[in-house]
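Biologist: Please walk me through this model. I will ask why each label applies, and I want the value set against its cut-off.

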Amino acid sequence: MDAKLTYVLQLADTCLIHAQRLGEWCGHAPVLEEDLALSNMALDLLGQARALLTYAGQLEGAGRDEDQLAFLREERDYRNLVLVELPNAAASPSDGSGGRDFALTTLRNAAVSIWLELLYERLQASNDAELAGIAAKSLKEVRYHRQHSSDWVVRLGDGTAESQARMQTALVVLTPYFNELFAAAGVAGVGPAWGEIEADWRARWATLLAEATLTLPRDSAMQPQGHLGIHSEHMGHLLGTMQHLQRAYPGGVW
Amino acid sequence: MDAKLTYVLQLADTCLIHAQRLGEWCGHAPVLEEDLALSNMALDLLGQARALLTYAGQLEGAGRDEDQLAFLREERDYRNLVLVELPNAAASPSDGSGGRDFALTTLRNAAVSIWLELLYERLQASNDAELAGIAAKSLKEVRYHRQHSSDWVVRLGDGTAESQARMQTALVVLTPYFNELFAAAGVAGVGPAWGEIEADWRARWATLLAEATLTLPRDSAMQPQGHLGIHSEHMGHLLGTMQHLQRAYPGGVW
Amino acid sequence: LAREEAFEARIDAGDFIEAKDWMPDHYRKTLVRQISQHAHSEIVGMLPEGNWITRAPTLKRKAILLAKVQDEGGHGLYLYAAAETLGTSRDEMTEALLSGKAKYSSIFNYPTLTWADIGVIGWLVDGAAIMNQVPLCRCSYAPYARAMIRVCREESFHQRQGYESLLVMMQKGTAAQKAMVQDAVNRWWWPALMMFGPADKDSPNSEQSMRWGIKRVSNDTLRQKFVDATIPQAEILGVTVPDPDLKWNAERESYDFGAIDWSEFWRVVGGEGPCNRERLAARNKAWDDGAWVREAAMVHAKKQATQAQAA
Amino acid sequence: LAREEAFEARIDAGDFIEAKDWMPDHYRKTLVRQISQHAHSEIVGMLPEGNWITRAPTLKRKAILLAKVQDEGGHGLYLYAAAETLGTSRDEMTEALLSGKAKYSSIFNYPTLTWADIGVIGWLVDGAAIMNQVPLCRCSYAPYARAMIRVCREESFHQRQGYESLLVMMQKGTAAQKAMVQDAVNRWWWPALMMFGPADKDSPNSEQSMRWGIKRVSNDTLRQKFVDATIPQAEILGVTVPDPDLKWNAERESYDFGAIDWSEFWRVVGGEGPCNRERLAARNKAWDDGAWVREAAMVHAKKQATQAQAA
């Protein structure tokens with residue numbers, strides 16, 4: 001596959017699948033205000049995914065639109081981070097929507113939004129005008145996500161003993177998956193190798209965790225490969241749900 | 001739809017969906033012996049579903065085999081009890097496989113196996129030789145299921161304070177759905193109205209609960225209508241999972 | 001007593017009552033009950049629609065549905081705020097919902113079984129809700145009236161979106177999609193008619209509410225208005241409603257329609273609908289699962305306040 | 001010391017050792033470690049395959065898969081029983097698994113991503129397992145040898161079923177299905193080769209085990225045998241293996257194959273494979289969630305015993 005197309009899909013699918021997981025929270029958040037905030041974040045990410053997928057379809061040149069890319073690919077063709085396909089709660093291995101852990105969700109939101117912010121900042125200067133435009137437009141959104149979720153990380157980390165323990169547990173679960181945030185290759189003139197933002201991300205993350213009185217877990221050698229199309233066992237279940245209508249009603253118009 | 005076909009599908013789909021839920025336990029049971037027992041029960045029910053669906057396909061006369069009926073119908077065409085489509089744990093509303101509550105599963109297994117035993121006993125004498133044959137063959141299996149799950153109901157009901165409380169909670173959740181066990185019409189000469197086994201079922205159930213030191217909850221006026229094709233919100237999620245491959249790979253040969 | 005008479009006079013004059021104004025206890029209680037019930041309906045209503053967010057068939061429809069459910073949460077928020085002006089806290093109201101003491105609209109005790117249900121909820125359920133709610137924009141209690149103006153504006157938008165999504169399926173969709181829409185209409189039609197509440201003759205609370213300007217139009221009048229407005233829309237859509245007795249009455253210039261199954265209505269109101277238990281269980285689970293989060297937020301805020309003081 | 005010499009003499013003579021016989025501590029420990037590790041592998045191995053039970057594409061395939069996973073549970077049961085003859089309880093072994101102290105086959109730390117993975121696991125993973133296990137049917141410790149005879153018989157059956165399911169897809173399936181099979185082979189080939197363990201030169205425990213007749217054939221020998229047996233099957237199937245260096249060596253009458261990525265092997269053994277954490281978490285969750293069940297069963301049994309005594 002074309003390197004630029006791959007690069008765009010890695011970003012597009014990460015936004016898409018992240019939004020899909022956030023959508024599972026709707027109606028089940030700890031407070032009504034968070035129901036709104038999580039839907040809002042899902043909506044923003046969905047919007048980013050739509051812009052990026054539409055552009056990916058143009059790059060591909062096979063006439064596929066955002067929906068054909070979102071709903072009719074096979075699992076191996078999705079290029080999102082494994083991190084965002086993990087269920088909203090750990091230890092619900094064969095599925096996603098059953099469990100919802102606000103600690104894990106909040107930490108993931110913070111980690112991904114810092115990452116997106118750093119990426120979009122750089123992509124604003126892309127030679128690819130389309131990508132630069134999407135990045136500029138999305139930057140304001142992910143800054144807000146980063147602010148909102150970071151506030152919660154601090155609140156819950158430096159809250160009660162229970163909340164701190166829950167956050168620390170979730171942090172241990174998620175940390176190995178963070179390795180993939182820096183794994184994908186760049187495309188000259190288009191976008192940076194993800195590795196280029198690693199130092200910045202790790203510095204910001206450490207600062208946030210310190211403020212939240214959380215302890216950085218030891219490094220992991222795990223190498224998740226969602227960006228190469230090799231996912232976790234959760235992805236198939238997520239896609240089965242997400243693609244259901246498009247698969248069950250071929251030729252449907254919605 | 002033909003009354004006999006409907007009657008057969010109500011039974012077939014109940015076995016099929018019951019097996020589907022039991023299959024979710026595989027590898028997650030409280031003891032290894034129960035992993036084997038639950039898979040075994042799922043296998044038996046799957047076998048019954050296959051025989052019944054194959055027969056339903058013949059009755060329908062449209063050339064559909066067991067797989068086309070099992071995997072390619074729309075939700076409204078499935079005629080199983082709502083009881084068996086409920087997730088294995090209560091309060092995981094939008095999904096099934098996330099939670100697994102052994103109390104709920106055990107009580108449901110006991111309730112359904114007593115019901116199947118009573119139905120198959122009567123269906124052995126059906127004028128319909130095919131149905132009579134399936135019933136006779138299946139009776140031995142469901143007797144074993146009834147024995148095994150009843151033993152567990154007693155063990156857990158009359159076990160610790162915690163196990164009793166869990167069983168009582170699960171019983172309160174399931175009881176309204178038991179109303180549907182007696183809801184479907186009979187077909188003269190073919191099979192009894194389900195209502196005809198109500199007295200027997202309720203007597204056996206009361207005896208079992210008494211032995212298990214559990215308290216019969218108050219009657220409910222709820223009227224689940226799975227046997228008429230109107231399901232719970234869980235059914236769509238279950239089918240999305242179950243049908244995924246057949247939908248995603250049209251024309252596939254497995 | 002003089003205050004009560006003055007209050008009644010203001011109501012009769014069509015004045016709006018503000019939170020700071022004196023009001024009779026019963027007026028206050030009636031309003032709290034009605035507004036909180038309405039707020040609860042928005043919150044519980046997020047569940048049947050939320051059930052399809054992960055399965056919306058296109059990204060556009062997913063975005064629309066997410067935004068809609070988010071709006072409902074927003075309605076809940078400002079309705080709770082309106083009720084709080086009457087001196088009842090959101091926590092108290094939440095507690096009443098979770099314990100089953102408070103009611104919410106029975107319509108949300110029906111399941112969303114297909115994607116078409118989402119469109120039909122927009123068209124029929126939001127349609128009926130608007131019909132119920134438009135008169136409330138002139139409710140005598142001003143904070144409620146203001147909230148309702150905003151709610152109604154957004155609900156109309158949702159209603160149009162729902163109808164539009166059905167139109168697309170009926171006009172451009174496959175046979176299976178059309179059948180799905182018809183099936184959804186069949187299942188939601190009667191419950192939608194029940195949304196206007198019991199027949200006037202069986203609606204004891206209505207009279208006082210009418211006098212106080214909390215309720216402006218009777219149940220049966222609204223129901224008739226809804227049927228009259230909806231049937232032409234159904235015809236454009238190309239669906240029928242599951243009522244063999246429905247027919248145009250040229251004399252009344254209105255539709256006659258069949259008898260409502262009030263036993264079903266009362267069964268669902270009484271807690272025995274298809275989803276009553278699950279809706280309450282879901283709300284309770286969300287609340288219980290979130291206890292540690294709310295507690296941590298409170299403790300953290302206190303820590304911050306203490307530090308700010310110390311500094 | 002005399003006992004030890006007598007023991008060694010029996011081993012050398014090809015005698016089988018029974019549970020009641022005297023044996024050196026180290027022999028006992030080695031066996032407990034190996035048998036329990038094997039039992040754990042069966043149990044953890046239920047997870048990747050169990051992942052597809054709810055999604056099997058036909059009822060026949062669903063039944064076959066359910067029965068297969070059930071067999072694996074059964075293997076676990078009788079392997080634990082064989083290990084128990086050596087004086088270690090099932091609970092002790094379970095505890096070692098759950099705490100991460102005991103190992104299980106690293107192959108189960110890879111995910112099953114498509115339905116074809118189920119067939120490929122049958123063909124390659126069960127195939128490699130059988131290759132490993134057939135020599136164990138002649139293991140010097142008789143209870144283990146007897147268990148392995150039964151295990152191998154069932155595993156061969158699974159292997160044939162897996163291969164058959166791939167044949168159907170490759171010979172009668174759609175292009176998408178064929179691509180799915182090839183992709184699964186690409187992902188499982190190298191991990192399957194790693195199932196034979198480190199190269200002989202890096203396998204320090206092997207020598208003693210060989211001498212004691214616990215291990216009968218070296219890792220590299222088995223691996224070569226597996227490659228030689230499997231490549232012709234791949235050709236019949238119509239798939240390739242992802243190894244550009246693979247070629248027939250006419251001189252050795254055997255296939256030469258490329259270098260194994262031992263850094264990946266050690267990473268996965270070390271706990272950093274794609275699913276290590278999730279497998280252990282799933283087993284721990286099942287165990288923890290089941291605590292109340294096991295406790296209730298015990299308490300109930302005691303009650304029954306007390307009543308029986310009193311009667």
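Modeller: Start with confidence in chain A. Its mean pLDDT is 95, and 97% of its residues reach 70 or more; pLDDT is the predictor's confidence in each residue, from 0 to 100. Over residues 93-97 of chain A, the pLDDT is below 50. Beyond near neighbours in sequence, that stretch has 19 contacts in the model, where contact means heavy atoms within 4.5 Å. Where pLDDT is low, the predicted coordinates should not be read in detail.

Biologist: What are the ground rules?

Modeller: This is a predicted model, where local features need pLDDT of at least 70 and side-chain atom pairs count only at pLDDT 80 or more, while totals for chains, interfaces and linings use all residues. Residues are numbered from 1 along each chain as its sequence is written, chains are lettered from A and ligands numbered from 1 in the order written, and side-chain values use heavy atoms, without hydrogens or water.

Biologist: How do you know whether B:Trp115 is buried or exposed?

Modeller: Compare its value with the cut-offs: buried is under 20% relative accessible area, exposed over 50%, and partly exposed in between, with a 1.4 Å probe and protein chains only. B:Trp115 has 0% relative accessibility, so it counts as buried. The residue is in helix 5 of chain B. Helices are DSSP runs of H or I with at least four residues, strands are runs of E with at least two, and both are numbered from the N terminus.

Biologist: What does B:Trp115 touch, leaving aside neighbours within four places in sequence?

Modeller: B:Leu11, B:Thr14, B:Leu81, B:Leu181, B:Trp194, B:Ile197 and B:Trp201. From B:Trp115 to B:Ser138 is 23 residues in sequence and 13 Å in space, C-alpha to C-alpha.

Biologist: Why are helix 5 and helix 7 of chain B called oblique?

Modeller: Two packed helices are described by the angle between their axes and the distance between the axes. Helix 5 (residues 102-123) and helix 7 (residues 161-178) of chain B pack at about 45 degrees, with axes 8 Å apart. Axes are lines fitted to C-alpha atoms, for helices over the stretch in contact, and angles run from 0 to 180 degrees between N-to-C directions. Under 35 degrees is roughly parallel, over 145 roughly antiparallel, 65 to 115 roughly perpendicular, and the rest oblique. About 45 degrees falls in the rest, so this pair is oblique. The residues of this contact divide into 10 nonpolar, no polar and 2 charged. Here Ala, Val, Leu, Ile, Met, Phe, Trp, Tyr, Cys and Pro count as nonpolar, Asp, Glu, Lys and Arg as charged, and the others, Gly among them, as polar.

Biologist: What makes the helix 2 and helix 3 pair of chain D roughly antiparallel?

Modeller: Their axes come within 8 Å and cross at roughly 160 degrees. That is over the antiparallel cut-off, so helix 2 and helix 3 of chain D are roughly antiparallel. Their crossing is left-handed: the near helix is turned anticlockwise from the far one by less than a right angle, whereas clockwise would be right-handed. The contact residues divide into 10 nonpolar, 7 polar and 4 charged.

Biologist: And why is helix 2 of chain D called roughly perpendicular to helix 4 of chain D?

Modeller: Helix 2 (residues 25-50) and helix 4 (residues 90-98) of chain D cross at roughly 65 degrees, with axes within 11 Å. That angle meets the perpendicular range, so the pair is roughly perpendicular. The crossing is right-handed. D:Ser36, D:His40 and D:Val44 of helix 2 meet D:Met93, D:Thr94 and D:Leu97 of helix 4. These residues divide into 3 nonpolar, 3 polar and no charged.

Biologist: Which residues of helix 4 of chain D are buried?

Modeller: D:Met93, D:Thr94, D:Ala96, D:Leu97 and D:Leu98. Their cover includes helix 2, helix 3 (59-84) and helix 11 (276-289) of chain D. After helix 4 comes D:Gly100, with a positive phi near 90 degrees.

Biologist: How do you know whether D:Pro244 is buried or exposed?

Modeller: Its relative accessibility is 78%, over the exposed cut-off, so D:Pro244 is exposed. D:Pro244 lies in the loop between helix 9 (219-237) and strand 1 of chain D. D:Gly258 is 14 residues from D:Pro244 in sequence and 7.2 Å from it in space, C-alpha to C-alpha.

Biologist: What makes the phi of C:Glu253 worth a comment?

Modeller: Phi is positive, near 50 degrees, in a residue other than glycine. C:Glu253 sits in the loop between strand 1 (247-249) and strand 2 (254-256) of chain C. Its relative accessibility is 61%, so C:Glu253 is exposed. D:Glu253 has a positive phi of about 50 degrees and is not a glycine. With 59% relative accessible area, D:Glu253 is exposed.
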